[in-house]
Amino acid sequence: VRTAPHSTVSMMLNLALTALAYSGVARPVGSRSAVSMASKNAVPPLPLNPVIDGLTGSSGFDPMMLATKDNIEWMKEAELKHGRITMLAVIGWIGVDLGLKFPGEKFAGLTSLQAHDAMVKTGDMFHLLLFVAFIETISFGPTIEMALGNNKKEGGDLGFDPLSFKGGKDYESLKVKEIKNGRLAMLAFSGLCTQAALTGKGFPYV
């Protein structure tokens, strides 16, 4: 099955625009400047969820009222984590299809689409699972305590800031950029996987 390039481009542009409208979850800031949106509802017929009103990167989009005071910290953590992973995943997916691969015969000739099943057969996927599980195990305790309100951990803050962005004059603006790029990457990665499977071709998947 092949998707016409024009239809594919139109679809991906629509998804990108949807991502920019999606209401995010991030820590509230003291003043509602350009980085903390003023009260507005992305879906005017529906009521604005007060939980997301004023959050960094929020555009008032929560038509199903999923965010609550009890789960907002957990959702902030989840959105940032998935956004960061998919930003890396988009680069990795395209990079592999452009020829950037680990050395070794078992990696030669693999496309990004084929890599998952191939790595399951060789056992490399299990090693990756163990590595990810180790990281999740370490971070799980503090994240639970954060969600329960028992510590001051900020959602998505892993304590890793080698370039000292935190506390800088552009910090709040950078947080918004991270959220928006993460949302776009989550949609983009889904599009990459789908288009690669439909066309059976490498980058640019048309």
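## The two sides of helix α3

On one side of α3, D117 and K121 are exposed, where exposed means over 50% relative accessible area, buried means under 20%, and partly exposed lies in between (1.4 Å probe, protein chains only). Helix α3 covers residues 112–122, and S112, A118 and M119 are its buried members. Seen down the axis of α3, these buried residues fall within an arc of 100°, so they line one face of the helix; the arc is taken from the directions between the helix axis and the C-beta atoms. An α-helix has 3.6 residues a turn, so residues three or four places apart point the same way.

What lies over the buried residues of α3? The cover includes α2 and α4 (124–147). Right after α3 comes G123, whose phi is positive, near 90°.

## About the model

This is a predicted model, in which local features need pLDDT of at least 70 and side-chain atom pairs count only at pLDDT 80 or more, while totals for chains, interfaces and linings use all residues. Residues are numbered from 1 along each chain as its sequence is written, and side-chain values use heavy atoms, with hydrogens and water left out.

## The overall plan

The protein has five helices and zero strands. From the N terminus on, its elements run α-α-α-α-α. Helices (H or I, at least four residues) and strands (E, at least two) are DSSP runs, numbered from the N terminus.

Of the 206 residues of the protein, 29% count as buried. Its exposed surface is about 13100 Å², with carbon and sulfur atoms supplying 68% of it; accessible areas come from the Shrake-Rupley method with a 1.4 Å probe, and for residues only the protein chains shown count as cover. Among contacts (heavy atoms within 4.5 Å) between residues at least 6 apart in sequence, 60% join residues at least 24 apart.

## Helix α2 and its neighbours

Helix α2 has 26 residues and reaches 37 Å from its first C-alpha to its last, close to the 38 Å expected at 1.5 Å a residue. That expected span is 1.5 Å times one less than the number of residues in the helix.

The buried residues of α2 include I72, L80, V90, W93 and I94, and also K76, E77, E79 and D97. Together, the buried residues of α2 pack against α3, α4 and α5. Just after this helix, G99 takes a positive phi of about 110°.

## The nonpolar cores

Which residues make up the largest nonpolar core? There are seven in all: V90, W93, I94, A185, L192, A196 and Y205. A nonpolar core is a set of buried Ala, Val, Leu, Ile, Met, Phe, Trp, Tyr and Cys residues joined through side-chain atoms within 4.5 Å. Helices α2 (72–97) and α5 (171–199) each supply at least two residues of this core.

Within the core, L192 touches V90, W93, I94 and Y205, not counting residues up to four places away in sequence. A second, separate core has five residues, among them V51, I52, L55 and A67. In soluble globular proteins, nonpolar side chains tend to be buried together.

## Aromatic pairs

A search of the whole structure finds three aromatic pairs. Rings of Phe, Tyr and Trp (its six-membered ring) pair if their centres lie within 6.5 Å; planes under 30 degrees apart count as stacked, over 60 as edge-to-face and the rest as tilted. F102 and F107 have ring centres 5.7 Å apart and planes at 50°, so the pair is tilted. F102 is exposed at 65% relative accessibility, whereas F107 is buried at 17%.

In another pair, the rings of F203 and Y205 have centres 5.8 Å apart and planes at 90°, so the pair is edge-to-face. F203 counts as partly exposed at 43% relative accessibility, while Y205 is buried at 2%.

## Backbone details to look for

Most residues other than glycine have a negative phi, and most peptide bonds are trans. F203 and P204 are joined by a cis peptide bond, with omega about 5°. P204 sits in the segment after α5, and Y205 lies in the segment after α5 too. Phi of Y205 is positive, near 65°.

M65 is a residue other than glycine with a positive phi, near 55°. Where is M65 found? M65 is in the loop between α1 (5–21) and α2, and it is partly exposed, with a relative accessible area of 32%.
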